[in-house]
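Colleague: May we go through this model together? I would like to begin with the charged pairs and then turn to the sheet.

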Amino acid sequence: IPLLEGRSVARGRTNVMGILNVNNDSFYAGSRAPSFEDALQKIEAMVDAGVDILDIGAESTRPGSMGMDAEEEKQALVPVVRLARERFPDLPISVDTRKAQVARSVVQAGADIVNDVSGLLLEEERDEMLRAVAETGAVYVLMHTKGTPQTMQNLTHYDNFWDDLTLFFEHRIADLIGAGIPRERIVLDPGIGFAKRVRDNLEIIANMRELKRYGLPVLIGASRKGFLGKILVENLDVPSLPPAERLEATLAVTALCVDAGIDIVRVHDVRENARVVRAIEAAKRYRHD
């Protein structure tokens, strides 16, 4: 995947994208870095652990979250992006934002990838986001969703979930290409946990290979999400395990991603997931054709 200034993300193997949230509102406390010093410490730890891509976010998009003003978001993100780029000039950097003006600012500060969970559904941002991505040369992560973080959990009805997902990608890929964004700068994310039932999330995981039909890189972000907590307590008298107790299930999904040839896994725990990736990639080299 060609990035800016000669950087790139490898195809043909699974890359580990490490999550850094420069806020106090992420659903998993372990990813939060509310201070500049915390952010630097976590970035250095992820690099030491073998991260392939750093993904920085300031606005929480967990179910029910209320969003953040664009200026506030820029003030939180831009200094951290600049710091990461100065310290690690070759490290691919992604920024999680739904706002076009924020996307422009972070790319100017050194980011390579705009990771937009809006699915281009925000009418007030859509056209300007397309222009921002086209003009900056950033890679764009296109995620399937419905509604917004405030409303998405009320929008989980599908007549046929997989048909909806497929149609969404076909239309939005056409929109991106029509706006001047080349195919080689588009990454697909099926949006696990965004306007999805547990069964929808599991259907994605069970059929990830089908997402490669478009010939585009695929990103899976299942790390410590709520559906994992629910499937782990099927026979227990609690509704879900909390995020802190969802690591093993996350690693199982990562293992399935590597086996399916998924390009990027977005995770909170870089060292543990990177070890899973390395172990399975090593075994895959001996697979019979």
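Modeller: Certainly. Please bear in mind that this is a predicted model. The side chains of aspartate 259 and arginine 287 meet in a salt bridge, with N and O 2.4 Å apart.

Colleague: Where in the chain do aspartate 259 and arginine 287 lie?

Modeller: Aspartate 259 belongs to helix α8 (residues 247-260), while arginine 287 is in the segment after α9 (270-284). The pair links distant parts of the chain, 28 residues apart.

Colleague: Why does aspartate 259 count as partly exposed?

Modeller: Its relative accessibility is 27%, so aspartate 259 falls in the class between buried, under 20%, and exposed, over 50%. Arginine 287 also counts as partly exposed, because its relative accessibility is 47%.

Colleague: How many salt bridges does the count come to?

Modeller: The count comes to 22 salt bridges. One of them joins arginine 126 to aspartate 175, the closest N and O atoms being 2.9 Å apart. Arginine 126 lies in helix α4 (residues 126-136) and aspartate 175 in helix α5, so this pair ties together parts that are 49 residues apart in sequence.

Colleague: Which arginine in helix α5 shares a salt bridge with aspartate 175?

Modeller: That is arginine 172, whose side chain meets that of aspartate 175 in a salt bridge of 3.6 Å, N to O. Both residues lie in helix α5, three residues apart, which is about one turn of the helix.

Colleague: Is arginine 172 buried or exposed?

Modeller: Arginine 172 counts as buried, because its relative accessibility is 16% and the limit for buried is under 20%. Aspartate 175, at 23%, is partly exposed, and arginine 126 is likewise partly exposed, at 24%.

Colleague: Which residues are linked in a network of salt bridges?

Modeller: Glu5, Arg7, Arg85 and Asp112 are linked in such a network. Glutamate 5 is placed in the segment before β1, and it counts as exposed because its relative accessibility is 70%.

Colleague: How far apart in space are glutamate 5 and arginine 104?

Modeller: They are 16 Å apart, C-alpha to C-alpha, and 99 residues apart in sequence.

Colleague: Now to the sheet. What is the order of its strands?

Modeller: It is an open sheet of eight strands in the order β6-β5-β4-β3-β2-β1-β8-β7, with parallel pairing. At the edges stand β6 (186-189) and β7 (219-220); each has a single partner strand, so one side of each is left without a neighbour in the sheet.

Colleague: Which helix packs on the sheet, touching β5 and β6?

Modeller: Helix α5 (residues 161-178) does so, and its direction makes about 155 degrees with that of β5. Strand β5 (residues 139-143) in turn pairs with strand β4 (residues 113-116) in the parallel sense, over four bridges. Within that pairing, aspartate 116 has leucine 142 as its bridge partner in β5.

Colleague: While we are on helix α5, what does threonine 166 contact?

Modeller: Threonine 166, which is placed in helix α5, is in contact with Arg213 and Tyr214, leaving aside its neighbours within four places in sequence. Threonine 166 is buried, with a relative accessible area of 12%.

Colleague: Let us return to the sheet. How many of the residues of β1 are buried?

Modeller: Seven of the seven residues in β1 (residues 15-21) are buried. In a regular strand the side chains alternate between the two faces of the sheet. Here both faces are covered, with Asn15, Met17, Ile19 and Asn21 on one side and Val16, Gly18 and Leu20 on the other.

Colleague: Which strands do bridges join to β1?

Modeller: Four bridges join β1 to strand β8 (residues 264-267), and five join β1 to strand β2 (residues 53-57). The strands run parallel in the pairing with β8 and also in that with β2. Glycine 18 has valine 267 as its bridge partner in β8, and leucine 20 has isoleucine 56 in β2.

Colleague: Finally, the surface. Which residues form a nonpolar patch there?

Modeller: Leu202, Ile231 and Leu232 form one, with about 220 Å² of accessible area together. Leucine 202 is placed in helix α6 (residues 198-206) and counts as partly exposed, at 37% relative accessibility.

Notes: Residues numbered from 1 in each chain as written. Predicted model: local features only at pLDDT ≥ 70, side-chain atom pairs only at ≥ 80, totals over all residues. Heavy atoms only, no water. Buried < 20%, exposed > 50% of the residue type's maximum accessible area, 1.4 Å probe, protein only. Helix = DSSP H or I, 4+ residues; strand = E, 2+ residues; numbered from the N terminus. Pairing = 2+ DSSP bridges. Patch = residues over 30% accessible without salt bridge, like charges linked within 9 Å, V, L, I, M, F, W, Y side chains within 5 Å. Areas by Shrake-Rupley, 256 points an atom, 1.4 Å probe, with all protein chains shown as cover. Salt bridge = Lys/Arg side-chain N within 4 Å of Asp/Glu carboxyl O. Contact = heavy atoms within 4.5 Å. Axes fitted to C-alpha atoms, helices over the stretch in contact; angles between N-to-C directions.
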